[in-house]
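Here are some exercises to work through with the model open in your viewer. Have a go at each task before you read the solution.

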Amino acid sequence: AAIVVDSFPPNQRGRAMATYAGISLLFLAAGPLIGGALVQYASWEWCFWLNVPVACGAVALTIALRLNVPRGAPRTTDGWSAIALVGGIPLLIVGLQDIGLRGWNDGDAWLPATCGVALVTFFCLRQVRLSQPLIDLRLLADRGLFGDALVLFFLQAINVGQAIYGSMYLQTVLGFTPLQAGIASLPLLAPVLIVVHFAGRLYDRRGPRPPLLVGLCFVCAGTIVQTIGVHLLNYPIMATGMTLLGIGCGMAMSPANADALGRVSPQQRGEASGIVQTMRQMGSTLGIAAMVMVMHRATQEQDLSPRAYTLGFSLHIALAITALLCAWRFVSPRADHVNCADGAHHGPSVRT
């Protein structure tokens, strides 16, 4: 994301990030379709082997492009911070899933989550105190960047939960085959390819707030309609909600990315991008863990029932509303861009 932003002037970043985000959303939505075909006609193991040529292609492109990007000042790596981060997040996620599967009253289930929270808390406090932190969390003092990161966190939790549990619901409750479940996810994909570019142009003209708020309103509507469809065992209603959700994600995700990286200097963009993308990945994993907790504990069942899926998708409604409130509260009407070419400021400096 930092490379994309550095490659374009401020008035073209919205369209550039729209292409960047559109490709990401395209493959997120296409994953169930490709995976469904592999599971039905080959074997589920091929879903993992598919990653190998993709990763090799990414490495080859990175080497071949030889991009010249601004570099930050060299600094040391704090080993304790790395240990706390790499150990804390997996423990937190495993703990949340154990609590959902084994029950709130199981003391052993709370141990990993408690250790994970302690390590993540230690990591965050240490980053604020260090002169050369592993991740400079002080960048989140910018209200807009903080709000963008939260929006992406919640949207990614919704998207990944939809991709995984939507496919499970279609197969286990509605009786779709793996391939049919993949095809049934296309209503989420189709609007993204169109809307994401419109959102980029709107961002270039009006700043981040209008596309973010409009997109998140669509996300809220989509999660509500989809949950109704899940409850009624009605795929057409689900597909309508998925379409609204696709429109909303296409409108919101690329402006949030572009705005977050437009708020820091060129030398800080790599680190800001790392923070934002880490928030997205944490949204994915914590979103899945939260779904496990809600779906299993709320119904007290190990085998997921239609009611459990309804409760799980209701969690997406809460996440969507929270994302909308975060955008309304923290993201300003127009980003305070920093020119990526010469470091000259366009408008006010980064606001805190």
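**Exercise 1. Find the ring that the charged end of arginine 209 sits over, and give the distance to its centre.**

Solution. This is a predicted model, so take the geometry as computed from it. Step one: go to the charged end of arginine 209 and look for the ring beneath; you land on tryptophan 328. Step two: check the distance to the ring centre, which comes out at 4.6 Å. Since the cut-off for a charge over a ring is 6 Å from the centre, the distance part of the test is met.

**Exercise 2. Check the span of helix α10 against what its 24 residues should give.**

Solution. Step one: helix α10 covers residues 209-232, and at 1.5 Å a residue it should span 34 Å. Step two: its end C-alpha atoms are 35 Å apart, which agrees. Step three: look at what follows. After α10 comes leucine 233, with a positive phi near 55°. Why pause on that? Because most residues other than glycine have a negative phi. Leucine 233 has its positive phi although it is not a glycine. Leucine 233 is found in the loop between α10 and α11, and its relative accessibility of 44% makes it partly exposed.

**Exercise 3. Do the same for α9, then look for a bend and list buried residues.**

Solution. Step one: α9 runs over residues 186-206, which is 21 residues. From first C-alpha to last it reaches 30 Å, close to the expected 30 Å. Step two: follow the axis, and you'll find a bend of about 35° at leucine 193. Step three: pick out buried residues of α9, including Pro187, Leu188, Pro191, Val195, Ala199, Tyr203 and Asp204. Step four: step off the end of the helix, where glycine 207 takes a positive phi of about 90°.

As an add-on, take proline 191 and leucine 101: they are 90 residues apart in sequence, and their C-alpha atoms are 36 Å apart in space. Leucine 101 lies in helix α5 (residues 79-102) and is partly exposed, at 36% relative accessibility.

**Exercise 4. How many aromatic pairs does a search of the whole structure find? Classify two of them by the angle between their planes.**

Solution. The search finds 5 aromatic pairs. Start with phenylalanine 146 and phenylalanine 330: their ring centres are 5.2 Å apart and their planes stand at 85°, so this pair is edge-to-face. Phenylalanine 146 lies in helix α7 and phenylalanine 330 in helix α13 (residues 306-330), so the pair ties together parts 184 residues apart in sequence. Phenylalanine 146 is partly exposed, at a relative accessible area of 30%.

Next, take phenylalanine 176 with tyrosine 235: 5.8 Å centre to centre and 55° between the planes, a tilted pair. Phenylalanine 176 sits in the loop between α7 and α8, and tyrosine 235 in helix α11 (residues 235-261), so here the parts tied together are 59 residues apart in sequence. Phenylalanine 176 is partly exposed at 24%, and tyrosine 235 is partly exposed at 22%.

**Exercise 5. Which residues have the most contacts inside the largest nonpolar core?**

Solution. Step one: the largest nonpolar core has 69 residues, and the ones with the most contacts inside it are Phe154, Leu155, Tyr165, Leu216, Val219 and Tyr309. Step two: ask where the core gets its largest share; that is helix α7 (residues 143-172), with 13 residues. Step three: zoom in on tyrosine 309. Among the residues it touches are Tyr165, Met168, Tyr169, Val230, Met295 and Leu304.

**Exercise 6. Is histidine 316 buried or exposed, and what does it touch?**

Solution. Step one: histidine 316 lies in helix α13, and at 2% relative accessibility it counts as buried, the cut-off being under 20%. Step two: histidine 316 touches Ala157, Ile158, Gly161, Gln162, Thr223 and Met291, leaving aside residues up to four places away in sequence. Step three: turn to methionine 291, in helix α12 (residues 269-297). Methionine 291 is buried too, at 0% relative accessibility. Its contacts include Tyr165, Gly312, Phe313 and His316. Step four: methionine 291 and glycine 161 are 130 residues apart in sequence, yet 7.3 Å apart in space, C-alpha to C-alpha.

Conventions:
Residues are numbered from 1 along each chain as its sequence is written. This is a predicted model: local features need pLDDT of at least 70, side-chain atom pairs count only at pLDDT 80 or more; totals for chains, interfaces and linings use all residues. Side-chain values use heavy atoms; hydrogens and water are left out. Helices (H or I, at least four residues) and strands (E, at least two) are DSSP runs, numbered from the N terminus. The expected span of a helix is 1.5 Å times one less than its number of residues. The bend at a residue is the angle between axes fitted to the seven residues ending there and the seven starting there. Buried means under 20% relative accessible area, exposed over 50%, partly exposed in between (1.4 Å probe, protein chains only). A nonpolar core is a set of buried Ala, Val, Leu, Ile, Met, Phe, Trp, Tyr and Cys residues joined through side-chain atoms within 4.5 Å. Contact means heavy atoms within 4.5 Å. Rings of Phe, Tyr and Trp (its six-membered ring) pair if their centres lie within 6.5 Å; planes under 30 degrees apart count as stacked, over 60 as edge-to-face and the rest as tilted. A charge sits over a ring if NZ of Lys or CZ of Arg is within 6 Å of the ring centre and within 35 degrees of the ring normal.
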